[in-house]
Amino acid sequence: MTANWEIKAKAKREAIFNSIPEKWRLAKVPTAEEQKDVTGTYVHQFLDKGEIEITETDAVGIAEKVASGEWTAVAVTEAFCHRASLAHQLLNCLHETFFDAALASAKKLDEYYAKNKKTIGPLHGVPISLKDQFHIENVDTTMGYVGWIDTFQGDANDPRKRKYESEMVRELRALGAVLYCKTSVPHTLMSGETVNNIIGYTWNPKNRFVTCGGSSGGEGALIGFRGSPGGFGTDIGGSIRIPSAFNGLYGLRPTSGRLPYEGMANSMDGQNTLLSVVGPLATSARTLKLLTKSLLSQTPWLYDPLVVDMPWRDAQEQAIRDVVSSAASSSGPLSFGYFKSDGVVNPQPPVARAVDMVVEALKTAGHKIIEWKPPPHTELIAIAMKPWLADGGKDVYDSFALSGEPMSTQIQMSYGGGPREQLKASEIAAVNVEKRAIQKKYMDYWNSTAEITGTGRPVDGVISPVAPYPAARQLKYLYYGYTVWVNALDYTSVVIPVTQGDAAKDVYPKDYSPLNDQDKQVFDSYDAQLYQDSHVAVQIVGRRYTEEKMIAIAEYVGGLLGK
């Protein structure tokens with residue numbers, strides 16, 4: 001007997017598919033065995049020359065073409081709606097489409113341009129995709145929960161249902177962006193794989209045997225497929241950085257309070273020990289700058305009480321440009337710490353090679369590199385995990401109970417076994433004190449590096465793996481230590497695509513001995529042939545509120561790597 005939740009999920013899944021115009025539907029969807037990589041020349045067969053040119057131009061280039069009158073907002077929007085439709089059929093990456101509304105918005109933008117001979121803002125005519133936490137008028141927000149279908153965050157009677165819009169949505173519209181789809185997430189948001197009972201599993205476009213990442217996995221898959229030039233995800237434990245890395249993208253995890261989260265759906269809302277942050281994923285570093293700078297021009301601190309009053313700071317960005325453009329710079333070269341292993345789990349060979357490549361590129365360019373030996377990350381990770389279960393899992397279990405749907409295996413890893421005892425206020429306070437102490441300890445260590453960089457300043461950033469995997473295999477994302485330490489410290493971090501897997505180079509030493517059981521799980525899950533040509537990335541971590549600086553570093557390092 002089919003359960004009610006299965007009927008609702010099937011109806012929603014079919015509605016998403018049926019929203020794709022028939023002219024864009026594929027006659028046959030190949031299996032991963034038949035077509036591992038659906039990017040590049042494979043998808044080109046379904047697009048015309050103009051659509052390929054548009055969708056393989058970054059957001060900065062699109063904005064310039066539209067502003068010059070060479071491309072219309074309608075033509076750009078239709079091209080991305082088409083490619084996004086193909087992406088969903090091949091990858092299961094969309095939760096919502098609203099193409100007709102997007103084309104109507106684009107038409108109004110073109111009419112404004114024709115009349116006024118100017119754009120309404122820096123994102124005029126640029127399609128932007130959004131993770132399914134953003135509320136948009138006339139569009140569902142399910143966040144992957146069956147029980148949230150046709151409700152406002154689980155409440156069918158809330159008058160805000162399909163009428164309310166998140167603060168960032170308002171700002172993006174004011175900037176001229178065209179919103180056209182919302183992307184898939186793991187229900188609860190708490191997984192590095194994207195899976196839910198509505199659309200199933202979201203796959204990696206470059207390698208459909210592995211995950212696209214999570215929890216902003218649909219964003220990563222869609223942008224990696226070039227079905228979007230840029231979009232926004234959120235990150236409480238790596239959820240922007242993981243999909244960025246796995247899909248060959250640039251991604252920014254800003255410090256909390258830099259960009260507006262007001263009015264978005266979330267898990268564990270009200271948990272303030274470790275805040276989720278919103279940030280961009282894109283095909284280029286300069287797009288990260290365009291999206292971040294544009295949003296800050298909207299003075300979000302006047303509309304979101306948690307956003308700090310900090311406009312875009314050109315001086316931070318320019319300081320990096322000055323250093324890298326002149327060997328005789330008075331401030332000297334840049335300096336970086338790096339580590340390939342956190343001592344708990346070693347990265348798989350492609351990831352270790354990517355770290356080496358970035359280190360060598362920076363050394364060759366004349367910058368200073370030191371080995372990073374901070375306070376143990378095990379302390380940071382242990383602290384970071386505690387807030388996620390402060391409510392004993394009540395928020396998660398209440399959302400599943402709305403429909404009676406089962407919890408995916410990936411989520412059971414953290415929340416399985418039923419609700420637990422909630423932390424007391426005094427216990428939450430103790431966690432906050434513990435977190436503040438390790439933040440201070442880490443700050444002191446960072447400051448101490450001024451004595452060994454040779455520049456007279458502490459390091460400008462820390463080069464680190466994003467995950468032990470180039471992209472995890474299904475049900476095998478088991479270790480989050482490489483991202484969670486950044487969340488615990490609330491540091492700014494930027495992801496940079498580095499290389500692709502090479503089975504001939506990326507092998508463990510024959511005498512490799514795993515560090516422990518966790519490391520053995522990562523070791524056992526590795527297959528060099530499987531990861532051939534898969535994306536491999538690193539993150540460079542900066543101090544709090546250094547978004548301008550880290551984006552400039554990302555653009556510079558990407559240039560060194562030929563990206």
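Here is a walk through one helix, the cysteines and the cavities of this predicted model. Residues are numbered from 1 along each chain as its sequence is written. Local features need pLDDT of at least 70 and side-chain atom pairs pLDDT 80 or more, while totals for chains, interfaces and linings use all residues.

Let's start with helix H10, residues 285-296 (helices are DSSP runs of H or I, at least four residues, numbered from the N terminus). Its end C-alpha atoms sit 17 Å apart, which agrees with the 16 Å expected for twelve residues, taking 1.5 Å times one less than the number of residues. Nine of the twelve are buried, so the rest of the structure largely encloses H10; buried means under 20% relative accessible area with a 1.4 Å probe, protein chains only. Among those buried are Leu-288, Leu-291 and Leu-295.

On to the cysteines. The whole structure has zero disulfides, a disulfide being a pair of cysteine sulfur atoms within 2.5 Å. For Cys-81, the closest cysteine sulfur is in Cys-181, 7.6 Å away and too far for a bond. Cys-93 is in no disulfide either, with the sulfur of Cys-181 nearest at 7.5 Å. Cys-81 counts as buried because its relative accessibility is 0%.

What about empty space? There are three cavities of 30 Å³ or more, a cavity being a set of points on a 1 Å grid over the protein atoms alone where a 1.4 Å probe fits but cannot get out. The largest has a volume of about 70 Å³, and its lining includes Lys-131, Asp-235 and Met-268. The second largest has a volume of about 50 Å³, with His-135, Phe-152 and Arg-160 among its lining residues.

Key. Heavy atoms only, no water. Helix = DSSP H or I, 4+ residues; strand = E, 2+ residues; numbered from the N terminus. Buried < 20%, exposed > 50% of the residue type's maximum accessible area, 1.4 Å probe, protein only. 1 Å grid on protein atoms, 1.4 Å probe; cavity = no way out; pocket = protein on both sides within 12 Å on 5 of 7 lines; lining within 4 Å. Points joined across faces, edges and corners; volume = space filled by probe spheres on them.
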